[in-house]
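Student: I would like to go through this model slowly and ask, for each label, what justifies the label. Could you take my questions one at a time?
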Amino acid sequence: MTLQLVSITVIIPVPVLFLCFVRMTLVLGASGVGKTLLLKRLSSCSSKGTYTDLEEPPSTIPTVGTNLVNISMGRKHDITLREMGGCMGPIWKNYFKECSALIFVVDVSNRMQVSASCIQLLEALTNGDVQFVPVLLILNKIDMPNPMTRTELDTTFQLKSILGAAKQDISIIEASAKDGQGLEEIVKWLQQHCKEIVG
Ligand SMILES: Nc1nc2c(ncn2[C@@H]2O[C@H](COP(=O)(O)OP(=O)(O)OP(=O)(O)O)[C@@H](O)[C@H]2O)c(=O)[nH]1
Ligand SMILES: [Mg+2]
């Protein structure tokens, strides 16, 4: 009996292979908190190297699925941020295994939404797959009238206890993707905490 061995060669393009194995910084947050605008701003400001005199905010549409954005980290390399649309909340956890750092965005002008955001944050922080990754909590839309303050978040939604009980190294930055407050600080955080090199 002759055993015929058939050799099959599957050619997978290198960029596809790379994207399968690279660990990324995930950007999560409820619908409309400003993730897409934030990433557009970070991408354009970091490549220009300036965080003042911003143009009018570009328009955005709700992200259905994921949105990959490269942020320039100077001459040597870029990092890739992966936004997950707010409507994908139930399946965010499927991406936690490939996550090397986590950015969680809250819209502090939307009091109705903040409590749900705190629950989503708690769920993420207690997921075993992200227990050792650095976390950045962005309190976005501080340009809006009457945004919630840190003290209000601590007293009303126990944010301090949520963060205090977490195993991760958590930083908090107040920001406005609209007028640019906090963007430079966010890029500094990325430089310190996100090591993945894509170019
Ligand atoms: N005033 C103000 N508006 C903002 C800010 N950031 C985002 N927006 C606006 O909020 C709306 C939603 O922004 P997106 O960036 O699309 O929100 P998103 O979090 O990506 O939403 P999904 O993709 O649906 O999860 C847009 O109209 C933005 O222009 C901010 O800092 N201040
Ligand atoms: Mg979006």
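Tutor: Let us begin with Ile142, which in this predicted model is found in the loop between β5 and α4 (150-157).

Student: Why is Ile142 called partly exposed?

Tutor: Ile142 has 18 C-beta neighbours inside 10 Å, whereas a buried residue needs 20 or more and an exposed one has 12 or fewer; the value lies in between, and therefore Ile142 counts as partly exposed.

Student: With which residues is Ile142 in contact, leaving aside its neighbours within four places in sequence?

Tutor: With that restriction, Ile142 is in contact with Val108, Pro147, Glu174, Ala175, Ser176 and Gln181. Asp179 lies 37 residues from Ile142 along the chain, and their C-alpha atoms are separated by 9.4 Å.

Student: What makes Glu56 exposed?

Tutor: Glu56, whose place is in the loop between α2 and β2, has 6 C-beta neighbours inside 10 Å, and because the cut-off for an exposed residue is 12 or fewer, Glu56 counts as exposed. Glu56 and Asp179 are 123 residues apart in sequence, and 8.5 Å separates them in space, C-alpha to C-alpha.

Student: How do you know that strand β5 (residues 135-140) is mostly covered?

Tutor: Six of the six residues of β5 are buried, and each of them must therefore have 20 or more other C-beta atoms within 10 Å of its own. Val135, Leu137 and Leu139 point one way from the strand, while Leu136, Ile138 and Asn140 point the other way, and all are buried.

Student: What makes β4 (residues 99-107) and β5 a pair, and in which sense do they run?

Tutor: Six bridges join β4 to β5, and the two strands run parallel; since pairing requires at least two bridges, the criterion is met. Within this pairing, Leu136 of β5 is the bridge partner of Ile103. The chain passes from β4 to β5 through helix α3 (residues 111-125), in a β-α-β crossover that is right-handed.

Student: How many bridges are there between β5 and strand β6 (residues 170-174)?

Tutor: Five bridges pair β5 with β6, again in the parallel sense, and Ile172 in β6 is the bridge partner of Leu137.

Student: Which residues of helix α6 (residues 183-193) are buried, and why are they said to be on the same side?

Tutor: The buried residues of α6 are Leu183, Ile186, Val187 and Leu190. They cover an arc of only 100 degrees around the axis, which puts them on the same side of α6. The general background is that an α-helix has 3.6 residues a turn, so residues three or four places apart point the same way. On the other side of α6, Lys188 and Gln192 are exposed. The buried residues of α6 pack against α2, β2 (66-72), β3 (78-84), β5 and β6.

Student: Which residues come nearest to ligand 1, and what is the character of its shell?

Tutor: Gly34, Thr60, Pro62, Thr63 and Gly86 come nearest, out of 21 residues around ligand 1. The shell divides into six nonpolar, eleven polar and four charged residues, and its largest share, three residues, comes from helix α2 (residues 35-48).

Student: How many helices and strands does the protein have, and what share of its residues counts as buried?

Tutor: The protein has six helices and six strands, and 31% of its 199 residues count as buried.

Notes: Residues are numbered from 1 along each chain as its sequence is written. Chains are lettered from A and ligands numbered from 1 in the order in which they are written. This is a predicted model: local features need pLDDT of at least 70, side-chain atom pairs count only at pLDDT 80 or more; totals for chains, interfaces and linings use all residues. A residue is near a molecule or strand if its C-beta atom, placed from the backbone, lies within 6 Å of it. Helices (H or I, at least four residues) and strands (E, at least two) are DSSP runs, numbered from the N terminus. Ala, Val, Leu, Ile, Met, Phe, Trp, Tyr, Cys and Pro count as nonpolar, Asp, Glu, Lys and Arg as charged, and the others, Gly among them, as polar. A crossover is right-handed if, with the strands pointing away from the viewer, the path from the first strand over the helix to the second runs clockwise. The arc is that of the directions from the helix axis to the C-beta atoms. Two residues are in contact if their C-beta atoms, placed from the backbone, lie within 7 Å.
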